[in-house]
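Okay, thanks everyone, I'll keep this short. I want to walk you through a few features of this one, so have a look at it first.

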Amino acid sequence: MTTGVVHPGHLPESLAGLPEHSPDSPLSIHAMTVAYQRKPVLWDVDYDAPARSLVAIVGPNGAGKSTLIKAALGLVPRATGLVEFWGEPFKRVRDRVAYVPQRESVDWTFPVSALDVVCMGRYRRVGWCRPVGRAHRDAAMACLERVGLVDLARRQISQLSGGQQQRVFLARALAQEADLYIMDEPFAGVDAATERAIVELLAELRDAGKTALVVHHDLQTVPQYFDQALLLNMRVVAAGAIDEVFTQHNLQKTYGGKLTLLSEAAEAIARSDLRVR
Amino acid sequence: MMLSPALDLFPLLAAILAAVCCALLGNFLVLRRISLMGDAMSHSVLPGLVIAFLITGSRSAPVMFVGAALAGIATVVLVELIKRLGRVEPGAAMGVVFSVLFALGVLLIERAARNTELDADCVLHGQLESLVWDGPSSWSALGLSEVIQAAPPSIWTLVITCVLAILLVVVLFKELRLAAFDPAFGTSQGFSATALHYVLMVFVAGATVAAFEAVGSILVIAMLIVPASIARLLTDRLASQIMVSVVAAIAAAVSGYIGSFAIPDALGVTEVNAAGSMTVVLGLILVAAAALGPRYGVLASIVRRGRMARRIALDNLLASVFRAEERGRSVSAAVRSSTLARARRRGFVKPDAVELTETGRAAAAAVVRRHRMWESYLVDEAGLAQDHVHAPAEQLEHLMDTTPNESTGRDPHGRPIPGTSSD
């Protein structure tokens, strides 16, 4: 296990033996280390997401699942590492990446309608300083239809149930017409109908040749809903096809017992005056 | 009360313009839950103004705006820095930054800029009343060009600021809304929430400077926060919220201004500070909105609860008559007579006895059905103990329109569920 310390001008040992990352991969992460308040929460992540697959990101609380997503999208700073989407930096491919944040990350009493929120998925196409036109509204409406919320389009979002709010977020992602969907706990706290709707959507996305990376909490349904898994606990424990990596042994390594030494190392770095590298 | 134009037009106009530009921008502060930032800005621009004055020796509007904008940016940067380094909540960071910067401004005025026109007192309280225009007292004697020439320069500053604020909110409406609602998503889409935050803060700093010379920082803070808070209680769309906030701000400015001399006049005391009375009016409007607002108002919720209580009383009356009849007993029960009268008026109970009519029985059966279906659901599916389910079912029968689908035809206590096969 390397510690993610990258010396200037050198590749970490873990990367040295790896083949070139494929430009096909919707998301490839090289040697990414992320720290909050100078305390490392993700160590030396190397990961290539295979194209046209549904990937579950799995791990205990505090494993850095959301951090992985946010750091990959540049929403939190990376201490080290390189992230590429189809072999390009994120800035060049924003159009092709849809991000669904955790539902609790926004204020659902905000004065907007469900349709307004879904239209936000079209803003990049609309561009700066221009109003959302008829065609884009219709496209947003069609996405609401796909998640079964067309009747509630004009409702203020606080009047929707938790599951309906999650579906509004999904509709917004659909409205982006992206190729890669990155979702942070879309299944958290939703009703059975919404869970079914999300599963169907994921299947539709895969059939349409898209890729989805989904932070998921319910281990039982992972093999049923997904075909790939990324097991995470401060570092990548295992990644690959479900039947290869979703083993008792790997789950034990991910969930069983804290990786005390790594946590202690993180604390020590946070206390020290050294830069996180 | 006659408004004499010479005395009143410009102060009132200044107040309205200040109100409009502050209210517009304030909507985004309130929605982003950084209302304190308005307070912070209105104080922390002071050292920026003093330093700009010390460097250039000028108090012209452009110089003041540059000083204010830089101070505004410095405030945002310092707040972020203190949040990170001090590991404190945003409110504490803002409080530290603005109080220290304001104090720095006061010290600078006392030490370096003494005997100049800069005055910390004016910053706090404003000088609406000092915007007196001493031209001819009759409008009819004037052409438009004379009026324009005679207007005090701070009016022009306010007009320009107001136009810019309107432009900002119109042109960047969707971007500001996105950044306020979901900054992470917006940033991922290339609409940087950080950049938009700085743009908004520079505008707030500018509006603060333009406004407080005329109306004082207390009214600036109030105009940034209160109209948006009022509108938040009355609307549920951002566009209408912004409109309502502007209307509330103008209403407060006008009525506060008139009130500041009309009311003391009527009471025979000396006039009060106009900015102060506008702020009080804003507070009163907020109280009224909180009390009378259609959705979130106290009155509306009292009415809603009353309506609900009456419906529950009626449901309970019908259900208890239904249960009594089910057991072959008649009802002598002490039911609230007003509820009984209402049940009779609506034709649920016969006029001469406490017996259900045809429609009454159907309605009562529906209530009892919901109750018993919930009881059996709570026992069979949720696994609650048999003697624990009456109370929750009693609530759910009134609250839920839907009922659990599965039904064995009998409730956990062996009584038939109306409307199912065994009934």
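Before the interface, let me pin down one word: when I say two residues are in contact, I mean that their C-beta atoms, placed from the backbone, lie within 7 Å. And keep in mind throughout that this is a predicted model.

So, with that cut-off, how many residues does each chain bring to the contact? Chain B puts in 21 residues and chain A 19 residues. On the chain B side, the elements that give two or more residues are helix 8 (173–181), helix 9 (183–188) and helix 12 (238–267). Helix 8 of chain B gives the most there, with five residues. If you sort that side of chain B by class, you get nine nonpolar, six polar and six charged residues.

Let's stay with chain B for a minute. We're looking at 17 helices and zero strands. Of its 423 residues, 42% are buried. As for the contacts in chain B with a separation of 6 or more, 67% of them are between residues 24 or more positions apart.

Now go to helix 17 of chain B, residues 390–399. Which residues are buried in that helix? They are Ala393(B), Leu396(B) and Glu397(B). Look down the axis of helix 17 of chain B and those buried residues fall within an arc of 105°, so they line one face of the helix. What do they pack against? That would be helix 16 (358–380) of chain B. Turn to the face pointing away from the buried side of helix 17 of chain B, and you find the exposed residues Ala391(B), Gln395(B) and Leu399(B).

Over to chain A, and to strand 7, residues 211–215. Here five of the five residues are buried. Thr211(A), Leu213(A) and Val215(A) point one way from strand 7 of chain A, Ala212(A) and Val214(A) point the other way, and all are buried.

Who are the neighbours? Strand 3 (residues 54–58) of chain A runs parallel to strand 7 of chain A, joined by four bridges. Strand 6 (residues 180–183) of chain A also pairs with strand 7 of chain A in the parallel sense, over four bridges. Check out Val214(A) in strand 7 of chain A: Val214(A) is the bridge partner of Ala56(A), and Val214(A) is the bridge partner of Met183(A) as well. To get from strand 6 to strand 7 of chain A, the chain crosses through helix 7 (residues 192–207) of chain A, and that β-α-β crossover is right-handed.

That's it from me, happy to go back to any of it.

Key: Residues are numbered from 1 along each chain as its sequence is written. Chains are lettered from A and ligands numbered from 1 in the order in which they are written. This is a predicted model: local features need pLDDT of at least 70, side-chain atom pairs count only at pLDDT 80 or more; totals for chains, interfaces and linings use all residues. A residue is buried if 20 or more other C-beta atoms lie within 10 Å of its own, exposed if 12 or fewer, and partly exposed in between; C-beta atoms are placed from the backbone. The arc is that of the directions from the helix axis to the C-beta atoms. Two strands pair if DSSP finds at least two bridges between them. A crossover is right-handed if, with the strands pointing away from the viewer, the path from the first strand over the helix to the second runs clockwise. Ala, Val, Leu, Ile, Met, Phe, Trp, Tyr, Cys and Pro count as nonpolar, Asp, Glu, Lys and Arg as charged, and the others, Gly among them, as polar.
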